[in-house]
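Trainee: I should like to learn how the features of a protein model are read, one at a time. May we begin with charged side chains?

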Amino acid sequence: MSHDKLSQTPAWLALQAHHAEIAEAKLRDLFEQDPERFARFSIEADGLLLDFSKNRVTAETMALLHALAAQADVAGWRGRLFAGERINVTEDRAVLHVALRAPAAASIAVDGEDVIPKVSTALERMRSFSESFHRGDRRGATGLPITDVVNIGIGGSDLGPLMVTEALRHQARPSPRVRFVSNVDPAHLNRALEGLTPASTLFIVVSKSFTTQETRLNAEAARRWLRAGLPNDQASAEHIVAVTANGARARDFGVSACFDMWDWVGGRFSLWSTVGLPIALALGFEAFEELLAGARAMDEHFLTAPHEANQPLTLALLGLWYSDFFGAQSHAVVPYSQALHRLPAYLQQAEMESNGKAVDRDGRPVPVPTSPILWGEPGTNAQHAVFQLLHQGTPLVPVDFIAVARGEPGDETRDDTREDALLANALAQSAALMRGKSAAEAQAELEAAGLDEAAVAKLLPHKVFPGNRPSTTILLDALTPRRLGQLIALYEHKIFCQGVLWNLNSFDQWGVELGKQLAAEIQPDLASGPRESRHDASTEGLLARIKDYREGR
């Protein structure tokens with residue numbers, strides 16, 4: 001069903017009418033009216049709790065949202081996803097990141113071919129490769145042990161593995177040490193190479209096409225660095241492996257091994273594939289398997305849980321409710337876990353590259369807002385940076401709080417006081433956003449502090465918190481590979497559901513192409529200077545000034 005028709009369906013129109021009735025309802029009142037609100041509006045699945053009771057919804061709201069999901073045929077599209085149908089219509093591809101963590105006994109066909117044997121073979125190669133490091137018998141061309149690995153990729157070839165290895169660093173293996181390079185800025189690679197030596201360093205070059213400009217340029221620079229410190233080109237090749245769907249191009253570049261990926265794996269959903277090789281190296285293959293198991297558990301939940309108790313669908317519907325009916329233009333993700341400090345950046349790509357689109361599957365304009373701007377920082381840091389706007393600013397910004405009940409095991413500096421302070425702040429911030437502080441409450445506080453009438457009148461407007469700011473809390477029992485796998489897959493399926501609701505193709509990314517094309521036109525002019533005016537006046541002016549700065553003028 002196309003989106004312009006969807007927005008005129010009875011379910012959509014009923015939601016519009018319902019919004020008009022409920023828009024001014026106060027969350028504080030809803031909690032006072034229903035002591036069982038938490039039980040009614042929370043879903044727990046295998047150690048992951050989704051509390052959406054602090055959202056501006058009632059039972060009627062959720063029923064109408066689920067009616068919308070039924071009209072959009074979310075269940076049917078979910079079936080097509082898991083069946084391997086070519087739901088990426090603009091690139092004519094299946095979308096099968098779920099196959100990467102499917103049970104070994106499963107069977108998922110693309111064009112009549114079961115892809116699970118390919119996945120199993122790739123996983124066994126990853127296992128063998130990573131275990132050779134952890135046994136201590138992986139050596140370089142000169143016979144020295146490989147102690148350091150540098151992953152070169154960008155986008156999904158970087159953000160996912162980097163986020164996971166950072167999140168689970170508390171259980172990292174002593175060797176190899178894994179670093180990540182994505183930015184074409186030479187400073188990124190230079191800093192990653194600090195303290196490393198070519199004889200004991202391995203590079204993983206991750207590019208589906210093996211043509212991505214930033215990755216290719218960084219790989220060429222890494223190869224030059226290796227050649228400067230190793231006996232010959234052949235020795236350098238032994239220190240580079242590739243993860244790619246274009247093995248021929250990778251072998252032409254000069255690598256010692258290629259790990260396969262496939263066109264039915266999208267980059268931003270690829271950490272479950274051989275793109276996750278640095279995860280297996282940093283944490284051990286057993287941890288990578290647990291990560292897959294967690295994602296598989298969320299896949300099963302998404303497939304089998306009733307719509308009313310389905311965590312990904314619930315997140316998707318809430319996001320649409322605020323974007324399309326309340327006009328929320330951004331959404332904050334605030335993990336109260338320093339280990340998850342890269343999660344917001346990972347989700348930015350996953351959500352905005354997937355659903356940041358203005359035309360639907362049929363190429364027609366989408367008449368309502370689609371993906372909000374996603375942003376976030378870890379708590380408690382965020383409280384001292386962005387929460388002023390969340391509490392008293394003019395925009396409505398729904399928030400996802402992510403909290404972990406138990407801290408990292410084996411931490412010698414661990415203490416209950418700081419863990420309790422962290423969790424107390426997470427719970428307090430979501431409660432404060434919901435409750436706010438009325439003028440009467442603020443006035444009573446000021447008077448109790450002994451301020452006179454004039455001082456109270458002056459300060460009172462600044463002390464009022466409007467409240468009624470919605471948030472969802474996702475609580476993990478512990479930050480383990482399994483729970484992290486569940487959490488990532490939760491957001492993956494949320495993104496998928498929203499794409500279905502908006503009738504988008506969530507699995508292409510044509511919006512990244514135009515800038516790349518223009519960069520290819522501009523780069524020669526940076527090297528030689530523009531020979532004739534062929535850019536806009538601003539670009540011409542900037543090119544001239546760059547040349548002046550480089551020449552010291």
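Mentor: We begin with R545; note that this is a predicted model. The relative accessibility of R545 is 42%, so R545 counts as partly exposed.

Trainee: With which residue does R545 form a salt bridge?

Mentor: The partner of R545 is D548, and the closest N and O atoms are 3.1 Å apart. Both residues belong to helix α23 (residues 537-550), where they are 3 residues apart, about one turn of the helix. D548 has a relative accessible area of 17% and is therefore buried. Elsewhere, salt bridges that share partners link D46, D477, R482 and R483 into one network.

Trainee: Within that network, how far apart are D477 and R483, N to O?

Mentor: The side chains of D477 and R483 meet in a salt bridge at 2.8 Å, N to O. D477 has a relative accessible area of 26%, so D477 is partly exposed. R483 is buried, because its relative accessible area is 10%.

Trainee: How many salt bridges does the structure hold?

Mentor: The structure holds 29 salt bridges. One of them joins E166 and R169, whose closest N and O atoms are 2.4 Å apart. R169 counts as exposed, because its relative accessibility is 52%.

Trainee: I turn now to nonpolar residues. Which residues form a nonpolar patch on the surface?

Mentor: The patch consists of L526, L542 and I546, which together have about 240 Å² of accessible area. L526 is located in helix α22 (residues 513-528). With 34% relative accessibility, L526 counts as partly exposed.

Trainee: How should the two faces of a strand be read?

Mentor: In a regular strand, the side chains alternate between the two faces of the sheet. Consider strand β8 (residues 240-244) as the case here.

Trainee: Are the faces of β8 covered or uncovered?

Mentor: Both faces are covered: I240, A242 and T244 are buried on one side, and V241 and V243 are buried on the other. Because 5 of the 5 residues of β8 are buried, this strand is largely enclosed by the rest of the structure.

Trainee: Which strands do bridges join to β8?

Mentor: Strand β7 (residues 201-206) is joined to β8 by 4 bridges, and the two run parallel. In this pairing, I204 stands opposite V241. Strand β9 (residues 257-260) is also joined to β8 by 4 bridges, again in a parallel arrangement. There, A242 of β8 stands opposite C258 of β9.

Trainee: What unit do β8, helix α12 and β9 make?

Mentor: Together with helix α12 (residues 247-253), β8 and β9 make a right-handed β-α-β unit.

Trainee: C258 leads me to the cysteines. What is a disulfide, in general terms?

Mentor: A disulfide is a covalent bond between the sulfur atoms of two cysteines. In this case, a search of the whole structure finds 0 disulfides. C258 counts as buried, because its relative accessibility is 12%. C497 likewise counts as buried, with a relative accessibility of 0%.

Trainee: How should I approach the backbone angles?

Mentor: Most residues other than glycine have a negative phi, and most peptide bonds are trans. The cases to examine are those that depart from this pattern.

Trainee: Where is the cis peptide bond of P176 found?

Mentor: P176 lies in the loop between α8 (159-167) and β6 (177-181). The cis peptide bond joins S175 and P176, with omega about 5°. A cis peptide bond also runs from G379 to T380, with omega near 10°. T380 lies in the loop between β11 (373-375) and α17 (387-392).

Trainee: I should now like to consider phi. What is the phi of D73?

Mentor: Phi of D73 is near 60°, a positive value in a residue other than glycine. D73 is placed in the loop between α5 (59-71) and α6 (74-83). Its relative accessible area is 32%, so D73 is partly exposed.

Trainee: Is N503, with its positive phi, buried or exposed?

Mentor: N503 is buried, because its relative accessible area is 6%. Phi of N503 is near 60°, and N503 lies in the loop between α21 (481-501) and α22.

How values were computed
Residues are numbered from 1 along each chain as its sequence is written. This is a predicted model: local features need pLDDT of at least 70, side-chain atom pairs count only at pLDDT 80 or more; totals for chains, interfaces and linings use all residues. Side-chain values use heavy atoms; hydrogens and water are left out. Buried means under 20% relative accessible area, exposed over 50%, partly exposed in between (1.4 Å probe, protein chains only). Two strands pair if DSSP finds at least two bridges between them. A crossover is right-handed if, with the strands pointing away from the viewer, the path from the first strand over the helix to the second runs clockwise. Patches are made of residues with over 30% relative accessible area and no salt bridge: like charges are joined within 9 Å, nonpolar side chains (Val, Leu, Ile, Met, Phe, Trp, Tyr) within 5 Å. Accessible areas come from the Shrake-Rupley method with a 1.4 Å probe; for residues, only the protein chains shown count as cover. A salt bridge is a side-chain nitrogen of Lys or Arg within 4 Å of a carboxyl oxygen of Asp or Glu. A disulfide is a pair of cysteine sulfur atoms within 2.5 Å.
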